[in-house]
Amino acid sequence: MPNTILIGAQWGDEGKGKIIDVLTERVDWVVRAQGGNNAGHTVEIGEERFVLHLVPSGILHEGKRCVIGNGVVLDPVALVEEIRGVTERGFGVEGRLFISDRAHAVFPYHRMLDAQGEARRAKGDQIGTTLRGIGPAYGDKASRFGLRMCDLIDPDFPGLLRSRVEDKNRVLAALGAPVVDYDEVLAATQSALDVLRPLICDTVPLLHGAVSRGESMLFEGAQGIMLDIDFGTYPYVTSSNAGSGGASTGSGVPPHRMSRVVGVVKAYTTRVGEGPFPTELLDADGEEIRRVGREFGATTGRPRRCGWFDAVVARHAVMTCGVDEWALTKMDVLDGFKTLKICTAYELDGRRIDAVPANIREMSRCRPVYEEMPGWLSTTRGATRREDLPEAARQYMARLEEITGVPVGIVSLGPRREDTLLPEGRP
Ligand code: IMP
């Protein structure tokens with residue numbers, strides 16, 4: 001398989017974990033390039049269910065090598081817990097997991113500042129973050145105050161950490177919030193480093209060597225384009241580039257070494273946290289999608305907001321990420337709907353628009369323009385080829401292809417590896 005970037009083409013939670021898992025069979029390396037443990041990638045193997053936040057899902061495949069790239073912000077203590085979890089279930093990380101020495105660390109003060117930031121916003125203005133400290137950690141990166149993995153393993157680390165803790169404690173105290181205990185943070189980080197130190201390295205030559213040898217890579221996107229700091233519904237976004245551009249800046253692999261972009265989209269749309277969502281359903285249909293699709297956050301357990309497929313959003317992903325093919329997920333969740341709606345454009349203040357507006361106040365006023373299609377009212381489970389799907393399901397997919405200008409490659413009909421239609425048949 002050519003070097004492939006996999007991105008979420010909506011507001012995250014598109015089912016990327018499972019698609020990554022399926023595609024991993026065909027690559028040598030799986031690389032995470034942005035985000036942190038705000039992400040939650042769910043993979044089901046047989047009867048076992050894994051939720052991974054920082055460790056690339058490739059770890060669940062023997063012999064595949066995984067990289068946490070420079071663009072990721074990582075909480076060392078949370079990462080060690082996750083490594084223990086996968087190791088206990090039989091998946092070793094030695095010689096298989098490599099952590100960039102340029103990746104920034106998330107500390108407890110980042111999480112506390114995340115919570116403070118949310119609390120200080122007026123009611124209704126909260127972002128609804130995952131409270132994992134992601135925004136403050138990327139903030140420190142941009143303000144050149146962050147600490148990277150190379151600093152954590154440096155003999156000067158205690159002093160570097162002390163200056164950060166003193167500074168952040170001044171801010172926390174001014175906000176009337178509890179402060180952090182330097183000794184505790186240092187001890188917890190050092191004990192996490194006992195596990196992480198052997199995995200931290202310069203991943204640039206490592207990946208460059210792999211590219212030179214013709215080994216193939218899958219860049220595992222976290223979140224989705226609508227949560228991208230540049231192209232999402234700012235400020236209701238995460239703090240990294242969740243689009244295809246982030247794969248290169250977050251790994252050090254140049255853009256022209258990437259040859260394919262797979263966009264993962266649900267057959268409908270969901271969002272967690274606050275912010276505009278034009279096709280949101282606040283009625284029984286929305287409830288039904290949430291119930292059947294088990295739409296509750298993998299990281300925070302929050303119920304997800306649910307709505308119809310939004311082709312304006314999908315086209316935004318196509319334009320900003322260069323999507324070559326869709327992986328269409330959760331088609332089976334629509335099995336019981338008599339009528340399905342697809343949003344083809346928005347109506348904004350009496351005008352019809354077909355692109356996502358930058359202005360958040362305008363986006364909040366956008367009303368979906370729908371076209372309706374008949375549902376298939378039968379099960380899609382068990383289909384082994386696209387031709388086996390009910391006629392109305394094939395028509396729905398064909399319409400999504402037409403309206404977005406991008407073909408559907410993979411179709412996912414359930415959480416297990418087996419419930420997947422690859423263009424050439426079952427995996
Ligand atoms: P943060 O990334 O924790 O700062 O949260 C910012 C926004 O992104 C919030 O609306 C979160 O709910 C959302 N978000 C962050 N990570 C994910 C994810 O992996 N899936 C879905 N939404 C996410």
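**Exercise 1. Describe the interface of domain 1 and domain 3 by area and by contacts.**

Solution. Domain 1 and domain 3 bury about 3,000 Å² between them, with 60% of it on carbon and sulfur atoms. Buried area here is the accessible area (1.4 Å probe) that two parts lose on being put together, summed over both. In domain 1, the residues that lose the most area to domain 3 are Gln-10, Trp-11 and Lys-18, together 23% of what that side buries.

The model is predicted: local features need pLDDT of at least 70 and side-chain atom pairs count only at pLDDT 80 or more, whereas totals for chains, interfaces and linings use all residues. Residues are numbered from 1 along each chain as its sequence is written, and side-chain values use heavy atoms, with hydrogens and water left out.

Next, place the domains. The assignment, which is automatic or from a database, gives domain 1 as 4-101 + 199-260, domain 2 as 104-195 and domain 3 as 265-421. The C-alpha centres of domain 1 and domain 3 are 24 Å apart. Counting contacts (heavy atoms within 4.5 Å), 37 residues of domain 1 touch 40 residues of domain 3.

**Exercise 2. Find the polar links across this interface, and state what the domain 1 side is made of.**

Solution. Start with salt bridges, defined as a side-chain nitrogen of Lys or Arg within 4 Å of a carboxyl oxygen of Asp or Glu. Between domain 1 and domain 3 there are four salt bridges. Asp-13 and Arg-304 meet through their side chains in a salt bridge, at 3.3 Å from N to O.

Then take the elements, as DSSP runs numbered from the N terminus (helices H or I, at least four residues; strands E, at least two). Helix H1 (16-24) and strand S3 (41-45) each supply at least two residues of the domain 1 side that touches domain 3. H1 gives the most to that side, with five residues.

**Exercise 3. Which residues come nearest to the ligand, and which atoms approach it?**

Solution. Taking heavy atoms within 4 Å as the limit, there are 15 residues around the ligand, of which Asp-13, Asn-38, Thr-130, Thr-238 and Arg-302 come nearest. A ligand nitrogen lies 3.1 Å from a side-chain N or O atom of Asp-13. A ligand oxygen is 2.6 Å from a side-chain N or O atom of Thr-130, and a ligand oxygen is 3.0 Å from one of Arg-302.

**Exercise 4. Where does the loop with Pro-235 lie, and what is the peptide bond before Pro-235, cis or trans?**

Solution. Pro-235 is in the loop between strand S10 (217-220) and helix H9 (245-249). The bond from Tyr-234 to Pro-235 is cis, with omega near 10°.

Definitions and conventions: Polar contact = N/O pair within 3.5 Å; in protein donor to acceptor, adjacent residues only side chain to side chain. Nonpolar A, V, L, I, M, F, W, Y, C, P; charged D, E, K, R; others polar.
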